[in-house]
Amino acid sequence: MHVLVADRIAQEGLNLLRDAGAQVDVKPGLSNTELQALIHDYDALIVRSETQVTPNVLAAGKKLQVVGRAGVGVDNINVNEATRLGILVANAPTSNTIAAAEHTLALMLSLARHVPRADASLKLGNWSRSEFMGTELRGKTLGIIGLGKVGSEVALRAKAFDMKLVGHDPFVSDEHAAYFGVKVIELDALLQQSDFISVHVPLTGGTDKLIGSQELAKVKPTVRIINAARGGVIDEEALYEAVESGKVAGAAIDVFAEEPAANSILLKSDKIIVTPHLGASTLEAQANVAVEVAEQVLAVLQGRPAQYAVNAPVVLPEAMAVLTPFI
């Protein structure tokens with residue numbers, strides 16, 4: 001078993017792979033051309049969000065059986081091409097849930113109380129208390145777009161702040177949402193009612209620029225918007241214009257359409273808090289996600305089904321044995 005780790009993952013995951021007998025090469029920072037030149041020697045590739053697993057990379061992986069994503073989103077992996085080539089793609093969707101939910105709340109509180117701007121002002125020698133008048137979370141309506149693992153954990157934590165919770169997710173039942181204290185409503189209604197809006201959906205063809213100028217025209221001028229999910233779900237140009245014009249009171253953004261985001265227009269607004277994709281950046285989450293992705297990769301290389309496969313390029317012999325009586 002020959003595994004290439006193209007982005008840094010925690011040592012716990014590397015140890016698991018090596019203890020299972022895999023030869024593991026850790027080579028972060030490869031260019032796409034360098035990755036293409038190397039990948040033909042490997043049975044498995046592990047990445048985070050930095051490395052782009054393009055059709056050219058996949059085609060060059062003549063021995064490649066599995067691509068493991070140390071995290072949730074797989075928009076940096078061409079899953080359709082992997083499927084066509086018979087390469088399984090697996091992610092690690094559960095390990096950074098709490099870290100992402102907690103970061104969302106950290107961003108929400110920072111927005112409500114102007115924490116970054118107040119910190120910077122005081123360190124410049126200013127004592128401007130009136131300039132940073134905040135707002136309480138208690139009694140405010142939080143609109144959660146996407147009620148999967150992270151969105152649901154955000155709801156649980158927001159309940160402790162005595163917030164009113166509404167949500168939009170076409171794939172979640174009213175009963176599931178109610179368990180987390182969330183009332184399911186249409187997206188337009190959520191936009192119109194919410195004092196805070198937090199996005200928790202993957203980036204797909206259906207969610208690309210899900211929140212754009214038309215959607216932002218429907219919100220309260222006092223609304224504050226948080227995105228710690230995926231860059232591209234919110235139209236950055238539209239959000240910047242809405243914040244700067246006063247149609248939106250503020251925003252806190254952890255993810256960007258292009259990363260690293262040194263040139264994002266969102267960095268130009270004092271009313272927008274930005275962090276460099278820190279949602280999963282806790283010691284606990286990184287250890288857990290490294291172990292989880294290593295487990296997925298080992299399962300495939302050892303001929304077992306991956307628990308968190310995101311495509312189905314082949315039917316494993318074990319699965320075929322179960323399915324045969326029904327075919």
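**View 1. Seven strands make up an open parallel sheet.** In this predicted model, 7 strands form an open sheet with parallel pairing, in the order β8-β7-β6-β9-β10-β11-β12. At its edges sit β8 (183-184) and β12, each of which pairs on one side only. If you would like some background while you look, strands of a sheet pair through backbone hydrogen bonds, either parallel or antiparallel. Helix α7 (residues 149-159) lies across β6 (141-145) and β7 (164-168). The direction of α7 runs at about 170° to β6.

**View 2. Strands β9, β10 and β11 can be followed residue by residue.** Let us step across these neighbours. Strand β9 (residues 196-199) pairs with β10 in the parallel sense, over 4 bridges. Here phenylalanine 196 stands opposite arginine 224 in β10. Moving on, β10 and β11 also run parallel, joined by 4 bridges. Arginine 224 now stands opposite glycine 250 in β11. Which way do the residues of β11 point? Gly250 and Ala252 point one way, Ala251 and Ile253 point the other way, and all are buried.

**View 3. Helix α11 packs on the sheet.** Helix α11 touches β10, β11 and β12, and its direction makes about 145° with that of β11. Within α11 (residues 236-245), the buried residues are Glu236, Ala238, Leu239, Tyr240, Ala242 and Val243. A reminder helps when tracing them: an α-helix has 3.6 residues a turn, so residues three or four places apart point the same way. What covers these buried residues? The cover includes α10 (213-216), β10 (224-227), β11 (250-253) and β12 (272-274).

**View 4. The two ends of α11 are worth a visit of their own.** At the N-terminal end, aspartate 235 acts as the cap of α11. One of its side-chain oxygens lies 3.1 Å from the backbone nitrogen of glutamate 237. After the helix comes glycine 246, which has a positive phi, near 90°.

**View 5. The largest nonpolar core draws on helices and strands.** This core has 29 residues. Those with the most contacts inside it are Ile145, Ile197, Leu216, Ile225, Leu239, Val248 and Leu266. At least two residues of the core come from each of α9 (187-193), β9, α11 and β11. Which element gives the most to the core? That is α11, with 5 residues. For a closer look, pick valine 248: beyond its neighbours within four places in sequence, valine 248 is in contact with Leu216, Val219, Pro221, Val223, Ile225, Ala242 and Val243.

**View 6. Serine 121 is a buried residue of helix α6.** This serine lies in α6, which spans residues 115-123. Is serine 121 buried or exposed? With a relative accessible area of 10%, serine 121 is buried, because anything under 20% counts as such. Setting aside neighbours within four places in sequence, serine 121 is in contact with Asn126, Ser128 and Phe132.

**View 7. A search of the whole structure finds 1 aromatic pair.** The partners are tyrosine 179 and phenylalanine 180, whose ring centres are 5.0 Å apart. Why is the pair edge-to-face? The ring planes stand at 85°, and planes over 60 degrees apart count as edge-to-face, so the pair falls in that class. The surroundings of the two rings can be compared as well: tyrosine 179 is exposed, at 64% relative accessible area, whereas phenylalanine 180 is buried, at 13%.

Terms used
Residues numbered from 1 in each chain as written. Predicted model: local features only at pLDDT ≥ 70, side-chain atom pairs only at ≥ 80, totals over all residues. Heavy atoms only, no water. Phe/Tyr/Trp six-rings, centres within 6.5 Å; stacked < 30°, edge-to-face > 60°. Buried < 20%, exposed > 50% of the residue type's maximum accessible area, 1.4 Å probe, protein only. Contact = heavy atoms within 4.5 Å. Polar contact = N/O pair within 3.5 Å; in protein donor to acceptor, adjacent residues only side chain to side chain. Pairing = 2+ DSSP bridges. Axes fitted to C-alpha atoms, helices over the stretch in contact; angles between N-to-C directions. Core = buried A, V, L, I, M, F, W, Y, C linked by side-chain atoms within 4.5 Å.
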